[in-house]
Amino acid sequence: MTTRSPLTHLLLTGALLGGLLLTACAPSEEPEVGSSMTPQPSASAVPPSTPKPSMSGPVVPPPAKDGQPISVRGLVERVELEGGCTVLRADNGTTYQLMGGDPNVVKPGATVRISGRLRADIMTICQMGPVLEVDSAQPA
């Protein structure tokens, strides 16, 4: 019989225990004794139960493509977000972020008819809807 050092016994015991732990923690293809034989769906196969948030208000696409002239009627509002933005809450349900226009006509609280062009090439801090570059505005 050979004599092993205490360090060798410790290393062999550690390796044996580590192997047992890995085997015990590994997923099994076989059902456990006493468990149901009916397969259970995995967590990824179960649809999420959290409802998706709904958007407030109607979602109405812009009435024209980028750069095409449009004419819309609506209420001018000042939104105090990121330094403030002037928007038009159009009668068609779309909110436009206004760019330009006569400040004596395009002012908060005014109902106006605006002719202009949609500008998809411009990004803004407010992100309150498509940017509408005002060519002309008159009280409605």
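Start with L75: its bridge partner in β2 is R89. This is a predicted model, and that pairing is a handy way into its strands. L75 and R89 belong to a wider match, in which strand β1 (residues 69–79) and strand β2 (residues 85–90) run antiparallel and are joined by six bridges. Between the two strands sit five residues, making a hairpin. Look in that turn for E82, which has a positive phi of about 50°.

Now stay with R89 and look the other way. R89 also stands opposite T95 in β3. Here β2 pairs with strand β3 (residues 95–99), again antiparallel, through three bridges. These two strands make a hairpin as well, with four residues between them. The turn holds G93, whose phi is positive too, at about 95°. So R89 is a good residue to keep on screen, because DSSP bridges are what define strand pairing, and R89 faces L75 on one side and T95 on the other.

Next, go to the start of β2 and pick out C85. C85 forms a disulfide with C126, and the two sulfur atoms are 1.3 Å apart in the model. The cut-off for calling a disulfide is 2.5 Å, and a search of the whole structure finds one. What does the pair tie together? C85 lies in strand β2, while C126 lies in the loop between β4 (111–118) and β5 (131–139), so the link connects parts that are 41 residues apart in sequence.

Are the two cysteines buried or exposed? C85 is buried, with a relative accessible area of 4%, and C126 is buried as well, at 7%.

Technical notes
Residues are numbered from 1 along each chain as its sequence is written. This is a predicted model: local features need pLDDT of at least 70, side-chain atom pairs count only at pLDDT 80 or more; totals for chains, interfaces and linings use all residues. Side-chain values use heavy atoms; hydrogens and water are left out. Buried means under 20% relative accessible area, exposed over 50%, partly exposed in between (1.4 Å probe, protein chains only).
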